[in-house]
Each structure stands twice: as C-alpha cells, then as structure tokens.
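The exercises below are meant to be worked with the sequence and the coordinates open side by side. Try each task before reading its solution.

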Amino acid sequence: MRQELESQLGRIANWLHVSFKKNILNTFDRVLDEDEEVDDVLEGFYRGKNVAASGSGAPGILCITNRRIMFLTGGKSGTAAESIDFDDLVMVDARRSNSSVKISLQHGQGTSVLTSTKRSTVTRTFLDHLRSRVGDDVVIEDAGIAEEEAKRPRSDEERLANLNFLHNEARKIIRAVNQYKQFNNEPAFLQQMIDDLLYVTFACVGKADDPPDEAKLFIAMVFMYLRQRLIPDRELVLDVFRYDSLPLHHRREILAQWHIFHNEIQKVRSMNASSLKSLQYLHLYDRRQDSSHFDKMAAAFFTYAQCVIKADGTVKTEGPQKLQQIRKLIYGDQVQASDAEEKQEARKTVRIAEEQGEETLEEVMEAVNNLIGMGRVKQQIATFVNVIKVHSERERRGLPVTPFSKHAVFYGPPGTGKTTIARYLGRVYKCLGLLQKGHMVETDRAGLVAGYVGQTAIQVDEVVNEALDGVLFIDEAYTLSPRGAGKDFGQEAIDTLLKRMEDYRDRLVVIVAGYPDEMNDFIGSNPGLQSRFSRYFYFDHYTPEELLKIFDIFASNASFNLTAPARRELLSILSAFYRKRDKSFGNGRFVRNLFEKTVEKQANRISSITPLTDQILCSITKHDIPTREDFQH
C-alpha cells in the first residue's frame with residue numbers, strides 16, 4: 001500500500017515541490033479511504049475552521065482526491081486537519097499578489113484559505129484538477145494567474161515533470177496496442193493498428209521536419225518499441241522502458257531515432273483520411289460481440305494525439321482545430337464507416353470468430369446475473385436451467401420425461417440486451433451438454449432471403465450450417481413474413497428453416513427476436529412456428545438508473561471518470577428521454593450515442609488546456625454532458 005501510494009504521488013508534478021514528504025506520507029497512510037486516490041497537492045499555509053493558527057496559517061498541503069479536498073499539516077499529526085466534500089464546495093477564488101497566491105474555498109461550514117508561495121504554474125495545475133472534479137457546479141475564479149503563466153518560461157522541474165508524463169503515456173499506449181497481437185486470429189491486425197497510429201501521427205505533425213523536441217521524443221519512444229525491427233540497438237529499447245520515469249541519459253539516443261520514424265510517418269501520408277481500418281474493424285466487432293475494444297483503443301489513439309500536439313506544454317493556435325479533426329477521424333469517421341458498412345451488408349450473417357474457453361455453468365450464470373437490469377429474464381433463465389437439470393436427471397434414472405423446446409422468442413424494444421442474452425444462452429446450453437459448441441451466429445432477413453428463385457434455400461442452408469452445434473439468432477424475424485406483403489421469398493426462408501430445425505433438432509437452437517406485437521403476428525402466422533417456439537422471454541426498457549450504469553461501463557472501458565455534478569446531469573438527461581420513450585427508444589444504443597457525444601464535447605473542452613495530466617484527459621464534467629438540443633437534427 002505504501003509503495004503504491006508513493007508511486008501514485010511520484011506521478012504528480014506538484015509533489016516535487018512538497019518539502020516535508022515523510023510526515024505527509026504517514027498522514028496519507030492513515031486518512032485515505034480504501035480506493036481513494038490523490039489527484040494533486042499544493043503546499044502552503046492554511047487557515048480554516050479546524051485549523052487554529054496565527055499569521056498566514058498552519059504549514060501543510062491542500063490535496064485533491066477522487067472523493068474530497070483535504071488539508072494535511074506538516075507536523076506529525078495522524079489525521080487530516082480539515083476535509084471538504086466536493087458537494088459542500090460553493091466557490092473557489094484564487095488571487096495573485098506580489099509573492100504568493102491566496103486560494104479561498106467557500107463551503108458549507110465557512111471559508112478556508114490556503115496561501116501558497118509556489119509559482120503560478122503550480123497553482124494553475126492544481127486549480128485545473130479541482131475544476132475537473134467539481135465540474136460547472138462550482139465557480140473557480142483565478143484572476144490573472146493564467147495570463148501570468150502564459151508569459152513565464154518553464155522551470156527545469158516542470159520540464160522534467162512533463163518528460164516523465166510523456167514517458168508514462170508512451171508506456172500506456174504501447175501496452176494498449178500490444179494487446180492486439182493475433183486479435184481474432186488476424187495475424188496482420190497489429191501491423192494495421194501500428195500503421196493507423198502512424199497516420200494519426202501524420203495528422204498531428206503533418207509534413208513538418210522539425211516538430212518540438214518533446215514531440216519527437218514522445219513519438220520515438222512509442223514507435224521504437226512498436227517497430228523494434230527498425231532500431232539497430234535493441235538494448236536501448238528495453239532500457240528506456242525499464243524505469244518508471246524517463247532515463248535522461250538516453251534522451252539524445254531516443255531523439256536520434258526520430259529520422260527513422262519521420263520517414264515512416266511520411267510513407268502513410270497517402271492514406272485516405274477516413275481509413276483507420278483497425279478502429280473500423282474493432283467498432284464492427286464490438287457491435288456484433290457486445291465488447292468494448294473500440295472504446296479502449298479510440299481513447300488511447302486520441303490521448304496519443306493530444307500528447308503529440310501538446311508535448312512541449314503549449315498549444316499552438318491551430319492546435320484545438322487540429323485535435324477536433326483528429327477526434328473526428330478517430331471517433332466520427334470510424335463510427336460512420338462501420339455503420340455504413342453494416343447498412344451496406346444489411347446486417348448479413350456475422351462471421352466474426354468467437355473465442356470461448358472452457359467454463360462452468362456457475363461461471364456463465366454469474367456473468368448473466370452481473371448484467372445490468374433484465375431481472376425477469378434472469379429469473380426465466382434460472383428456471384429453465386432447473387427444468388433442464390431435472391429433465392436430465394429423470395432421463396439418467398430411466399423415468400418418463402416430457403419433451404421441451406430449446407428454441408425461444410425474445411420480445412422487446414431495441415438495445416435491451418437480446419443479442420447478449422442469446423449469446424449467454426448458447427453458453428448455458430453448452431455447459432448443460434445440450435450443444436457441443438454453444439457459439440452464436442446472428443442474422444436477419446438479408447442474411448436468409450435471396451433475390452432470386454431457388455437461392456433462398458441455399459442461403460438459409462449456409463447460415464444454418466455455420467450455426468450447427470450453437471445458436472442461430474434471427475433479429476427482426478417478423479420481416480421474414482411482413483404484413484400485407486403476400487407471398488415472397490421470406491416464406492421460402494421460413495419453410496427451409498423449419499425443416500432444418502427438425503433435421504438438426506439436437507444440434508441447432510434458433511432464437512427469433514423483435515417487437516412484441518410484430519413477433520406475436522409472426523409466430524401466429526404459421527403453425528410450424530407455433531409448435532417449435534414455446535419459450536418466451538420479455539425484455540423491458542432499462543430504467544434511467546440502469547442506463548446510467550451502462551454509461552458507467554462505456555466510460556470505464558475508455559478510462560473516463562465522471563464528476564459528481566456530471567453524474568447528476570447525466571441522470572437528468574437520461575430521465576428526460578426515458579419519460580418520452582416509445583417502443584423504438586434505443587436504450588443501450590441511445591446510451592452509446594450519448595457517450596460518443598460526451599466524448600466529443602470533452603475533447604473540445606480540453607483541446608486548449610495544457611500542460612496535460614491524466615486527470616484532465618480522463619475527467620468528464622457537467623459541461624461535457626450533451627443537452628437535449630444536442631440530439632436535435
């Protein structure tokens with residue numbers, strides 16, 4: 001715990017300026033709650049309700065954690081001298097005099113004041129971290145500090161802190177990219193991702209031969225590891241990342257590699273500006289697999305871009321606009337490209353491989369029960385499992401058994417988890433010995449119905465063969481027999497499917513899904529469907545609180561943290577849309593759209609902020625939450 005705390009504080013630039021670290025560390029050990037993390041610290045003299053001191057106040061540090069603001073004295077006291085919850089904070093006023101900065105914190109119990117003699121840049125960084133935690137609910141005035149900071153040259157300590165930050169971010173990018181070796185059994189995927197990152201680099205630096213040294217250093221650190229075959233000295237690569245901070249004795253050697261990667265960057269300049277193929281693939285994969293690879297890597301790519309553009313601790317005039325274009329390249333264009341591809345394929349049968357290891361029924365059911373909402377569906381699955389267990393035991397003992405159908409109908413609006421549950425149900429069947437593989441193949445009318453006589457049966461057979469020993473999930477199944485359409489090739493698809501369900505009754509499970517009214521008409525339109533589908537699962541809309549939990553998952557996957565005011569604002573917007581919902585309300589898909597708009601607004605907000613910190617990169621404030629007007633087209 002102590003070692004972890006020291007490592008955490010070592011990444012905070014302002015910790016370098018604290019003069020009585022040992023006592024403060026001992027106090028942190030005693031007062032920090034479990035999972036409480038320190039964002040920033042500021043040394044000075046403090047006067048507050050619980051701190052009686054003459055003159056300027058008691059010496060110590062004001063610190064921001066992920067939960068509160070605390071003042072810790074520089075003595076050997078084992079408790080926090082004062083603690084202020086974020087929700088109790090009303091206003092913060094920071095004013096610069098000739099030799100100090102006075103920070104006044106107005107809160108529910110009165111006013112507390114810290115007088116710091118540190119440079120304006122130290123104070124500004126501290127206030128930026130506080131802003132990211134409290135959002136727009138608290139007014140933070142810093143009259144003159146930002147202007148003064150812009151004119152002041154950076155100190156050696158600040159340059160060192162910035163280099164260590166870049167070194168730490170380079171390690172994160174490398175770890176993130178390296179997770180995709182042989183992804184989905186695609187041997188060339190990692191190389192594609194590296195090429196895409198090179199293109200993002202080109203979007204950041206353009207044709208410039210001589211970007212700032214800090215940018216060259218950061219770019220070289222990332223690619224000298226990812227493209228080690230280009231570096232003659234492999235030991236240099238290993239040594240650079242052997243330490244938690246940048247080994248300064250290697251700085252010139254790292255910069256010497258810049259020319260290699262400058263050539264690599266210029267080679268990718270001919271790529272189409274919307275052709276980050278690795279992110280396109282991940283976005284499509286996530287849509288089909290209910291995974292979150294795109295969120296993680298898109299966040300990593302955009303963080304990389306911000307580090308390149310702001311590497312020297314400044315933001316050029318064109319910086320914010322360039323970041324907006326890169327954000328659109330990473331998020332907007334990739335999503336649109338994936339959506340366009342999905343529409344072009346008309347949701348044809350999914351052929352992305354699913355990797356499943358051996359798992360127990362208890363593990364699968366635990367995963368089902370950990371899903372958000374769907375209480376009724378979870379209970380139905382548990383009941384069905386019990387029925388199968390009893391059925392199997394009666395068979396084992398030679399007792400009479402009643403036949404039961406494994407096929408199912410999923411009722412419900414879009415975005416309520418039907419595809420996810422279908423995938424889990426296949427895994428349940430596998431654990432129970434009812435299916436050999438338990439994988440899922442997803443399709444719809446476009447994947448089953450051809451446009452020519454005699455082709456539909458062939459197309460259905462291809463899909464069924466792919467789904468054998470697993471689950472065939474047919475979304476919007478009622479479109480196979482649309483109202484008032486008369487006879488079309490959809491009926492041929494139904495007839496062929498019914499025959500294959502009988503031919504492979506021990507090797508195939510079919511789940512059909514769609515809106516309740518349409519699915520009732522569909523099942524009722526054919527006696528063969530009625531006889532084979534006797535198990536029904538109803539998926540209701542998520543509540544606003546459940547939608548908020550889904551947003552939390554998206555945010556966590558992309559390493560974003562919501563401030564308390566942001567959470568309140570988010571719940572408010574979710575509740576407003578929930579109250580006006582109709583049967584087509586997107587639920588989880590709506591939350592996905594809301595998350596993407598939030599990421600866009602956060603990117604615009606921080607585009608001109610420097611120096612960068614993890615806290616700034618990862619915080620979502622109230623200002624970042626979209627309004628209802630943002631959804632009007």
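Four exercises follow, each with a worked solution, and all of them concern a predicted model.

**Exercise 1. Overall architecture**

Describe the chain by its secondary structure, its burial and the sequence range of its contacts.

Solution. Begin with the secondary structure, where the chain has 25 helices and 15 strands. Next consider burial: of the 633 residues of the chain, 54% count as buried, while the chain exposes about 28,800 Å², of which carbon and sulfur atoms supply 47%. Finally, take the contacts between residues at least 6 apart in sequence, among which 73% join residues at least 24 apart.

**Exercise 2. An aromatic pair**

Classify the geometry of the pair formed by F384 and Y429, and place both residues in the chain.

Solution. The structure holds 26 aromatic pairs, and this one is assigned from its ring geometry. The ring centres of F384 and Y429 are 5.9 Å apart and the planes stand at 85°, so the pair is edge-to-face, given that angles over 60 degrees fall in that class. As for location, F384 belongs to helix α15 (residues 375-396) and Y429 to helix α16 (residues 418-431), so that the pair links distant parts of the chain, 45 residues apart. To complete the picture, F384 and Y429 are both buried. Elsewhere, Y180, F183, F189, Y281 and Y285 form one aromatic cluster.

**Exercise 3. A strand pair and two charges over rings**

Determine how strands β5 and β6 are joined, and then locate the charged residues lying over the faces of W15 and Y578.

Solution. Strand β5 (residues 89-96) and strand β6 (residues 101-107) run antiparallel and are joined by seven bridges. The connection between β5 and β6 is a hairpin through four residues, and R95 stands opposite K102 in β6. Turning to the rings, K21 lies over the face of W15 at 5.8 Å from the ring centre, whereas R581 lies over the face of Y578 at 3.9 Å from the ring centre.

**Exercise 4. Cysteines**

Why does C307 not form a bond with the closest cysteine sulfur?

Solution. First identify the partner to be tested: the closest cysteine sulfur to that of C307 is in C204, at 9.8 Å, which is too far for a bond, since a disulfide requires sulfur atoms within 2.5 Å. Applied to the structure, this rule gives a count of zero disulfides. Then check the surroundings: C307 has a relative accessible area of 1% and is therefore buried, and C63, at 0% relative accessibility, likewise counts as buried, the limit being under 20%.

Terms used:
Residues numbered from 1 in each chain as written. Predicted model: local features only at pLDDT ≥ 70, side-chain atom pairs only at ≥ 80, totals over all residues. Heavy atoms only, no water. Phe/Tyr/Trp six-rings, centres within 6.5 Å; stacked < 30°, edge-to-face > 60°. Buried < 20%, exposed > 50% of the residue type's maximum accessible area, 1.4 Å probe, protein only. Lys NZ or Arg CZ within 6 Å of the ring centre and 35° of its normal. Pairing = 2+ DSSP bridges. Contact = heavy atoms within 4.5 Å. Areas by Shrake-Rupley, 256 points an atom, 1.4 Å probe, with all protein chains shown as cover.
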